[in-house]
Amino acid sequence: MEEKKKIILTGDRPTGRLHVGHYAGSLKRRVELQESGEFEDMFIMIADAQALTDNADNPEKVRQNIIQVALDYLSCGLDPAKTTLFIQSQIPELTELTFYYMNLVTVSRLQRNPTVKNEIKMRGFETSIPVGFFAYPISQASDITAFKATTVPVGEDQLPMIEQTREIVRSFNHIYGEVLVEPDALIPDNKACLRLPGIDGKAKMSKSLNNCIYLSDTEEEVKKKVMSMFTDPNHLRVQDPGCVEGNPVFIYLDAFCNDGHFEKFWPEYKNLDELKGHYTRGGLGDVKVKKFLNQVLQEELTPIRARRKEYEKNIPEVYRILKEGSIKARKVAAQTLADVKAAMKINYFDDEELIQSQAQRFSEGSLTE
Ligand code: TRP
């Protein structure tokens with residue numbers, strides 16, 4: 001059998017600027033995958049239509065954040081010459097696929113989707129769930145399958161979406177024939193990158209909690225945030241033993257620092273294990289560790305910030321990149337939709353055999369059923 005082409009699709013809802021949690025959880029990996037040469041094609045989508053499923057009353061928020069997310073992508077090193085960047089709503093084929101996939105999913109299956117369940121609770125939707133929101137996992141399956149994606153790099157919270165997609169693919173292929181490709185999720189190997197806590201120690205970075213470090217924060221903003229970070233609340237005096245588990249400063253170091261950073265900024269220690277050892281024994285103050293974390297983060301964020309500044313000078317060019325990407329993405333999705341409709345036999349006007357056989361049936365004059 002011909003080897004399956006490896007294709008990536010992933011995306012983000014444009015509801016705010018992207019933060020270092022997004023970067024550790026997925027963005028950094030995407031750039032590595034882009035450069036790996038292992039993939040035939042890579043599509044990255046700004047999921048504005050999905051963002052509207054729980055922001056129907058605030059379309060302006062979504063509209064304003066499309067450019068922010070695009071700038072974040074480009075500044076991280078996603079390269080439009082290698083990766084197709086596009087806007088979900090500009091690909092109407094995705095909505096059409098969703099309508100057919102809806103027949104393959106039950107209401108109770110959607111109700112059991114852990115991500116949907118959790119989001120319903122977080123948004124207080126229990127008594128009035130918008131249908132579009134409830135069905136967004138089906139639309140996400142369209143996003144993925146329209147591009148015949150084999151690989152979906154996402155954060156851990158998206159695993160139920162990929163599982164739902166796989167079920168839809170199996171069900172479709174079983175009923176209509178092998179057309180769709182079952183995707184695999186790709187989540188970070190580094191545990192610390194799975195979910196970066198907020199700077200306040202809360203489980204998740206979130207705009208509404210005001211506990212994020214944004215990729216677009218200035219050097220001063222990043223420093224101020226790092227120096228104000230929550231650490232081990234029992235580590236009161238420098239000589240006290242400290243706890244590294246669940247300590248956000250150390251979780252960020254787990255996610256971002258490498259031995260090279262020690263060599264460059266803090267040669268007293270060889271690596272993070274040595275630093276953790278000292279902190280745990282006592283005698284190491286939080287301020288020193290935070291200063292180091294700031295250096296590590298600045299090293300990562302400085303080139304990102306510089307690229308953002310360049311693209312910010314040419315916003316019409318960024319829209320042009322998204323437009324070009326959307327045109328390309330639409331061609332690919334249209335081909336998949338054509339394959340889907342042919343498999344479902346709802347491509348009546350292209351089906352010469354159907355037209356001829358119907359002609360035959362009626363010319364015989366005997367059949368009326
Ligand atoms: N649900 C994703 C998020 O909230 C965004 C998204 C939409 C997506 N469609 C996708 C991710 C397809 C991966 C694949 O971030």
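A polar contact here is a pair of N or O atoms within 3.5 Å; within protein, one must be able to donate a hydrogen and the other to accept it, and residues adjacent in sequence count only if both atoms are side-chain atoms. The model is predicted: local features need pLDDT of at least 70, side-chain atom pairs count only at pLDDT 80 or more, and totals for chains, interfaces and linings use all residues. Numbering runs from 1 along each chain as its sequence is written, and side-chain values use heavy atoms, with hydrogens and water left out.

**View 1. Polar contacts of the ligand with Arg13, Asp143 and Gln158.** An N or O atom in the side chain of Arg13 is 3.3 Å from a ligand oxygen. Asp143 places a side-chain N or O atom 2.8 Å from a ligand nitrogen. For Gln158, a polar side-chain atom lies 3.0 Å from a nitrogen atom of the ligand. On its own the ligand has 370 Å² of accessible area (Shrake-Rupley method, 1.4 Å probe). The protein covers 90% of that area.

**View 2. The surroundings of the ligand.** There are 13 residues around the ligand (a heavy atom within 4 Å). Met45, Gln50, Gln140, Asp143 and Gln158 come nearest. The ligand takes up the space of the largest pocket. A pocket is an open set of points on a 1 Å grid over the protein atoms alone, with protein on both sides within 12 Å along at least five of seven lines. A molecule sits in a pocket if more than half of its atoms lie within 2 Å of the grid points.

**View 3. The aromatic pair of Phe133 and Tyr136.** Rings of Phe, Tyr and Trp (its six-membered ring) pair if their centres lie within 6.5 Å; planes under 30 degrees apart are stacked, over 60 edge-to-face, the rest tilted. The count is 12 aromatic pairs. Phe133 and Tyr136 form a tilted one, 5.4 Å centre to centre with 55° between the planes. Phe133 is buried (under 20% relative accessible area, 1.4 Å probe, protein chains only), at 0%. Tyr136 is buried too, at 1%.

**View 4. The aromatic pair of Trp266 and Tyr269.** This pair is edge-to-face: 4.9 Å between centres, 75° between planes. Trp266 is buried at 11% relative accessible area. Tyr269 is buried at 8%. Phe262, Trp266, Tyr269 and Phe292 form one aromatic cluster.

**View 5. Charges over the rings of Phe39 and Tyr214.** The criterion is NZ of Lys or CZ of Arg within 6 Å of the ring centre and within 35 degrees of the ring normal. Lys6 lies over the face of Phe39, 4.8 Å from the ring centre. Arg17 lies over the face of Tyr214, at 4.2 Å.

Key:
Buried < 20%, exposed > 50% of the residue type's maximum accessible area, 1.4 Å probe, protein only. 1 Å grid on protein atoms, 1.4 Å probe; cavity = no way out; pocket = protein on both sides within 12 Å on 5 of 7 lines; lining within 4 Å.
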